[in-house]
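Hi,

Here's the structure I promised to pass on to you. Have a look at it first, and then read on for what turned up.

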Amino acid sequence: MNAAPRPHASPEEAVAVEATTAANPMAPIADWKDRLRTGRDRLFADFDQGTPVGNLVQRRSLLIDEVLREVWDHHLGQTEDAALVAVGGYGRQELQPASDIDILVIVEAHADARLSAPLEGLVTCLWDIGLEVGHSVRTPEECAREAADDVTVMTNMMEARLIRGSSALCHRMRDVVSPERMWNSEQFFAAKTREQRARWHKYGGTAYNLEPNIKENPGGLRDIQMIGWVAKRHFDAETLHELVGHGFLTESEYSTLIEGQTQLWRIRFALHRIAGRREDRLLFEYQRTLATQFGFEDGPNNLAVEQFMQQYYRTVQQLNRLNEMLLQLFREAILLHDDVGPPVPVNKRFQSRSGYIEVTSASVFQRYPIALLEIFHILQVHTELEGVRASTIRLIRENRHRIDDDFRADLRARSLFMEILRHPSGLTHAIRRMNRYGVLAAYIPAFANIVGRMQYDLLHVYTVDEHTLSLLRNLRRFTITKHDDEFPLCSAIARRIPKLELLYLAGLFHDIAKGRGGDHSLLGADDARAFCRLHGLPEFDSRLVGWLVEKHLLMSMTAQRKDISDPEVIQSFAAVVGDTTRLDYLYLLTVADARATNPERWNSWKDALLRELYHGTRRALLRGLENPQAQDELIQQKQTEARRLVARYGGDPAACNRLWNKFSQDLFLHNSPDEIAWQTRQILACEPEQLPLVVIRPVTARGGTEIFIYTTDRANLFGRITALLDQVGLNIMDARIMTTDGGMAVNTYQVLDQDGSPIHDTLRMEEIRSSLVADLAEDDGEEIQVARSMPRRHRYFPTETRVTFSTDEPNRRTIMRLATLDRPGLLAEVGAVFQDCGIRLQNAKIATVGAEVDDVFFITNDDETPITCETALSCLRREIHDRLEGHGTR
């Protein structure tokens, strides 16, 4: 809490205060600081010895109580005109090592000015002894006005606990903010529910982020506190256990709630200790240390940090389930006053009340276990239903053990599960509910292994189960007409998919074998085929689902790591896919997977790459695998179309031919007719004195902004250009490098801005163009040092630099693949090595996977022949490694 500064006392009042305190000894600042430090160290030692964390947070509160009483007495003495009150977490006696000390000073209106100076001294002293204090000074009437306007202030005051001073003032404050005067149970519950929804939205609506906030995320400590606040306001309950007596929790659920709270308290306690400050985010820099402190060790298939985080995610998942159930029970008791309306029959086993489905009898799941799946299908069919009644959620949790091998072998269960997948609406909600209530992991035992499983990298921003459910949501959106504008090609393809349930099954199983060891794609494919056969799918369908799971990474890897403008690459990929039906399924799965892996890293460039690969492969399949398109034929087609486009804008086709005679075939092979025509027009319109030529197209068919450069070739041109682009904050997605017979460099870079979008701002484009022209106009400049710092997160993912080579015989070039830690200036460093080693760069495919780059460079010797000498390759590998490892922290 923060208060506006109190008015200063008059000179006469200040003299009076000084007279009353002159006899007091100097405030024992050093002693109080030492007691706080000693008390903190003792708490840390006891934490290491296994003392229950609940005792520790209470002891910390008691220590602060003692010190605050002494500080209060020193500055204010025995006054009845003020009261020192603990509020918030301090009021609950739940103080973590670095938590703020929230206090409220209640004063009589007539003593406000007289107490101003000593209160300012009090607050200053508290900061001087090392306490981070959130304070406010109010009269009881001011407390009432503030609380009436702000439910957060009201909540803090509900937890008020007198530390020192007038108990009468504290009672008056409690009285003026009582439910009889403001924020009755209904108003308070409604406001806190809105507050929780807003908080969840702020944190992405999921507890499964890479760096979760253990206090504010869904399922975090704030959700437990909310339960306590509502119980206190409505039932005047002082402890969560009182909810058991009121029938809102069973003893087992109460134990789960307290165990979850204790686990989060322990993590927060250790987090404050490591950070040395108030920190509620499980940042990467702390996760490994915490995992070690809590006794986790690296295993053959799972890192210690992944095991620790999986335990955390499963804890908050349980707490989230309890929060959902309790808030619904509170809603019925507080807003509906337990009048949930008459039951409306659905079938023999289920009925609805006030828009929520419930069982007709508490024994339904015992008598008919298949109803554990049936309820989710009913929610799909009856779209008017808002959800499941809390009492039924509890019964689902209590009866999940009935989903055993016999249950899974039951034809009725198998049929129901497939009906859920085939139903035209409600799939995402149904599967998410099944996961939230633990039914999905019970029905598909392999799924239980990925619940809460994190992958310690920057590529996967969600746990494996959350990623899988997001993928299913993405697939589902392709089939909904109102979302056609998001991915028009995907929506069009989805409408001709013969069996959407096969696509959903592939999505459900694509990562199901993560963390088991071995190739998760192969293991998952075996699981998927077995599941399909168990559910009576035809062998053809079962094999298709298994193939999709096995190959679910193939399309994205081909698009990002291979030269998809090369007909042989397309032909090879098409041969693996085999037919257009498989291609349609695989394309939809790939797009949905990429967007669910890290939505922030999905961009127009990746979208365009996958579309280009899809269309190229589809053409190859329709032409027939036995009739591949020859490279010469493709180049001729492109040149013919490019001439037509140049002529349309008034260009001379004969001039095109004269210019193109100086170009290598790579330019025509790796560019579209539109790109060839546009670049040709720029060069033909450029006079020699206008060089260097730099032209920018804001948006291209490739999904990025194109920066086209035509200038005299020179040493390390690639390094200089990439350093400049990096320096101005651009992400380079693709580089196409060519030198003409006349010694002119024809370079094209596809770039995106920092937010992953093309550049639209004309002023920014001109700034980039001017910077490039100015630098390239200099005959020889100093090496450009990229000044941008490495992103914080990247520092916690040490990545070994790996360089591998292969030969591209048909195109007479060497392919160098570089995997290393992403960092500013990386491409400039690589370009400098190429220059030092006499390497010519033809093309580059730039891919960033989390904190790691996986870049592919198509290179030759200076005479444009493949690099075959092992000594030369070893030298190049060593130079790349030494350059990058030596400058990795720059």
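Helix 12 passes helix 13 in a right-handed crossing. This is a predicted model, by the way, so please read everything below with that in mind. The two helices pack at an angle of about 120 degrees, and their axes are 11 Å apart. With that angle, helix 12 counts as oblique to helix 13. On the helix 12 side, the contact is made by Ile 267, Ala 270, Leu 271, Ile 274 and Ala 275, while helix 13 brings in Tyr 286, Thr 289, Leu 290 and Gln 293. By class, that contact has seven nonpolar residues, two polar ones and no charged ones.

Helix 12 (residues 251–275) also packs with helix 3 (residues 53–76), here at an angle of about 55 degrees and with the axes 9 Å apart. That makes helix 3 oblique to helix 12 as well. The crossing of helix 3 past helix 12 is left-handed. From helix 3, the contact takes Val 53, Gly 54, Leu 56 and Val 57; from helix 12, it takes Thr 262, Trp 265, Arg 266 and Phe 269. Sorted by class, these residues come out as five nonpolar, two polar and one charged.

Next, the empty space inside. How many cavities of 30 Å³ or more does the structure hold? There are four, and the largest has a volume of about 100 Å³. Its lining is made up of Asp 666, Leu 667, His 670, Asn 671, Gln 679, Arg 736, Ile 737, Met 738, Val 746, Thr 748 and Gln 842. Which element gives the largest share of that lining? It's strand 11, with three residues. Helix 34 (665–669), strand 11 (731–739) and strand 12 (744–752) each supply at least two lining residues. The lining is a mix by class: four nonpolar, five polar and two charged residues.

Two backbone details are worth finding on your screen. The peptide bond from Leu 691 to Pro 692 is cis, with omega near 0 degrees. You'll find Pro 692 in the loop between helix 35 (673–684) and strand 9 (693–697). The other detail is Asp 236, which has a positive phi of about 55 degrees although it is not a glycine. Asp 236 sits in the loop between helix 10 (221–235) and helix 11 (242–245).

Cheers

Note on methods:
Residues numbered from 1 in each chain as written. Predicted model: local features only at pLDDT ≥ 70, side-chain atom pairs only at ≥ 80, totals over all residues. Heavy atoms only, no water. 1 Å grid on protein atoms, 1.4 Å probe; cavity = no way out; pocket = protein on both sides within 12 Å on 5 of 7 lines; lining within 4 Å. Points joined across faces, edges and corners; volume = space filled by probe spheres on them. Helix = DSSP H or I, 4+ residues; strand = E, 2+ residues; numbered from the N terminus. Nonpolar A, V, L, I, M, F, W, Y, C, P; charged D, E, K, R; others polar. Axes fitted to C-alpha atoms, helices over the stretch in contact; angles between N-to-C directions. Parallel < 35°, antiparallel > 145°, perpendicular 65-115°, else oblique. Left-handed = near helix turned anticlockwise from the far one by under 90°. Contact = heavy atoms within 4.5 Å.
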